[in-house]
Amino acid sequence: RVYGRNAAALSQALRLQAPELTVKVNPARPRRGSFEVTLLRADGSSAELWTGLKKGPPRKLKFPEPHVVLEELKK
(Lines give C-alpha, C1' and ligand atoms only; values in the text may rest on other atoms or scores of the structure.)
Protein backbone atom coordinates (compact mmCIF):
# COMPACT_ATOMS: atom_id res chain seq x y z
CA ARG A 1 0.00 0.00 0.00
CA VAL A 2 1.25 3.49 -0.81
CA TYR A 3 0.93 6.33 1.69
CA GLY A 4 1.47 10.05 1.35
CA ARG A 5 4.17 12.03 3.09
CA ASN A 6 2.18 13.65 5.86
CA ALA A 7 1.29 13.08 9.50
CA ALA A 8 -2.10 11.54 8.76
CA ALA A 9 -0.65 9.04 6.29
CA LEU A 10 2.19 8.11 8.61
CA SER A 11 -0.11 7.66 11.61
CA GLN A 12 -2.35 5.40 9.50
CA ALA A 13 0.65 3.28 8.47
CA LEU A 14 1.80 2.99 12.09
CA ARG A 15 -1.68 1.97 13.27
CA LEU A 16 -1.87 -0.74 10.61
CA GLN A 17 1.62 -2.12 11.28
CA ALA A 18 1.53 -1.86 15.08
CA PRO A 19 -2.11 -1.78 16.25
CA GLU A 20 -1.01 -2.18 19.88
CA LEU A 21 0.54 1.31 19.80
CA THR A 22 -1.32 4.49 20.64
CA VAL A 23 -0.53 7.03 17.93
CA LYS A 24 -0.85 10.72 18.73
CA VAL A 25 -0.34 13.37 16.07
CA ASN A 26 1.10 16.61 17.42
CA PRO A 27 0.20 16.22 21.11
CA ALA A 28 2.12 19.48 21.59
CA ARG A 29 2.68 22.29 19.12
CA PRO A 30 5.24 21.07 16.55
CA ARG A 31 8.46 22.90 15.81
CA ARG A 32 8.32 25.03 12.69
CA GLY A 33 9.92 23.53 9.60
CA SER A 34 10.37 20.06 11.04
CA PHE A 35 8.77 16.67 10.94
CA GLU A 36 9.63 14.41 13.83
CA VAL A 37 8.44 11.02 15.05
CA THR A 38 9.13 9.98 18.62
CA LEU A 39 8.34 6.68 20.33
CA LEU A 40 7.23 7.16 23.93
CA ARG A 41 7.83 4.02 25.98
CA ALA A 42 5.74 2.82 28.91
CA ASP A 43 8.64 3.49 31.30
CA GLY A 44 8.61 7.19 30.36
CA SER A 45 11.67 7.09 28.13
CA SER A 46 11.56 8.07 24.48
CA ALA A 47 13.33 7.22 21.24
CA GLU A 48 13.50 9.43 18.18
CA LEU A 49 12.44 7.43 15.12
CA TRP A 50 12.75 10.27 12.62
CA THR A 51 13.78 13.89 12.48
CA GLY A 52 13.85 15.97 9.35
CA LEU A 53 15.51 18.97 11.02
CA LYS A 54 18.83 18.69 9.22
CA LYS A 55 17.48 17.32 5.95
CA GLY A 56 16.78 19.28 2.77
CA PRO A 57 16.46 21.35 0.77
CA PRO A 58 14.40 20.28 -1.03
CA ARG A 59 11.70 20.39 1.60
CA LYS A 60 10.35 16.95 0.68
CA LEU A 61 13.47 15.37 2.23
CA LYS A 62 12.23 16.51 5.64
CA PHE A 63 9.21 14.20 5.36
CA PRO A 64 9.88 10.45 5.48
CA GLU A 65 8.23 7.72 3.52
CA PRO A 66 6.21 5.67 6.04
CA HIS A 67 8.25 2.51 5.38
CA VAL A 68 11.38 4.31 6.65
CA VAL A 69 9.75 5.08 10.00
CA LEU A 70 8.28 1.58 10.22
CA GLU A 71 11.76 0.09 9.75
CA GLU A 72 13.08 2.27 12.59
CA LEU A 73 10.15 1.17 14.77
CA LYS A 74 11.06 -2.50 14.18
CA LYS A 75 14.61 -1.84 15.41
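# Reading a predicted model, feature by feature

Mentor: The place of S11 is in helix α1, and this serine is a good residue with which to begin, provided we remember that the model in front of us is predicted.

Trainee: Is S11 buried or exposed?

Mentor: With a relative accessible area of 6%, S11 is buried, because a residue under 20% is placed in that class. Its side chain has a polar atom that lies 2.9 Å from the backbone oxygen of A8, and, when residues up to four places away in sequence are not counted, S11 touches V23 and V25.

Trainee: Which other residues of α1 are buried, and against what do the buried residues of this helix pack?

Mentor: The buried residues of α1 are A9, L10, S11, A13 and L14, and they pack against β1 and α2.

Trainee: If I turn to α2, which residues are buried there, and on which side of the helix do they lie?

Mentor: The general idea is that an α-helix has 3.6 residues a turn, so residues three or four places apart point the same way. In α2, the buried residues are P66, V69 and L70; they cover an arc of only 100 degrees around the axis, which puts them on the same side of α2. What covers these buried residues includes α1, β1 and β2.

Trainee: How many salt bridges are there, and where should I look for them?

Mentor: Side chains of opposite charge can pair when their charged atoms come close. Here the count comes to two salt bridges. In one of them the side chains of K74 and E71 meet, with 3.5 Å from N to O; both residues lie in helix α2, three residues apart, about one turn of the helix. In the other, the side chains of K75 and E72 meet at 3.1 Å, again from N to O.

Trainee: How exposed are the residues of these two pairs?

Mentor: Taking the lysines, K74 is exposed, with a relative accessible area of 61%, and K75 is exposed as well, at 76%. Taking the glutamates, E71 is partly exposed, with a relative accessible area of 42%, while E72 is partly exposed at 30%.

Trainee: What should I make of K62, a lysine that has no salt bridge?

Mentor: Begin with its place, which is in the loop between β2 and α2. K62 is buried, and the nearest side chain of opposite charge, that of E36, is 9.8 Å away, whereas a salt bridge would need the nitrogen and the carboxyl oxygen to be within 4 Å. The side chain of K62 does, however, reach the backbone oxygen of K55 at 3.2 Å. Leaving aside its neighbours within four places in sequence, K62 is in contact with G33, F35, W50, G52, L53 and K55.

Trainee: F35 appears among those contacts; in which aromatic pair does F35 take part, and how are the two rings arranged?

Mentor: The structure holds one aromatic pair. The rings of F35 and F63 have their centres 5.3 Å apart and their planes at 55 degrees, so the pair is tilted. Since F35 lies in the loop between α1 (7-17) and β1 (36-40), and F63 in the loop between β2 (46-51) and α2 (66-74), the pair ties together parts that are 28 residues apart in sequence. As for its surroundings, F35 counts as buried, at 12% relative accessibility.

Trainee: Where in the loop between β2 and α2 are the cis peptide bonds that involve P57 and P58?

Mentor: As a general matter, most peptide bonds are trans. In this model, the bond from G56 to P57 is cis, with omega near 0 degrees, and the bond from P57 to P58 is also cis, with omega near 5 degrees. P57 has its place in the loop between β2 and α2, and P58 is found in that loop too.

Trainee: Finally, is L40 buried or exposed, and what does this leucine touch?

Mentor: L40 lies in strand β1, and at 65% relative accessibility it counts as exposed. Not counting residues up to four places away in sequence, L40 touches S45 and S46. The C-alpha atoms of L40 and V23, which are 17 residues apart along the chain, are separated by 9.8 Å, and V23 is one of the residues that S11, with which we began, touches.

Methods. Residues are numbered from 1 along each chain as its sequence is written. This is a predicted model: local features need pLDDT of at least 70, side-chain atom pairs count only at pLDDT 80 or more; totals for chains, interfaces and linings use all residues. Side-chain values use heavy atoms; hydrogens and water are left out. Rings of Phe, Tyr and Trp (its six-membered ring) pair if their centres lie within 6.5 Å; planes under 30 degrees apart count as stacked, over 60 as edge-to-face and the rest as tilted. Helices (H or I, at least four residues) and strands (E, at least two) are DSSP runs, numbered from the N terminus. Buried means under 20% relative accessible area, exposed over 50%, partly exposed in between (1.4 Å probe, protein chains only). Lys and Arg count as positive and Asp and Glu as negative; His and the chain ends are not counted. A polar contact is a pair of N or O atoms within 3.5 Å; within protein, one must be able to donate a hydrogen and the other to accept it, and residues adjacent in sequence count only if both atoms are side-chain atoms. Contact means heavy atoms within 4.5 Å. The arc is that of the directions from the helix axis to the C-beta atoms.
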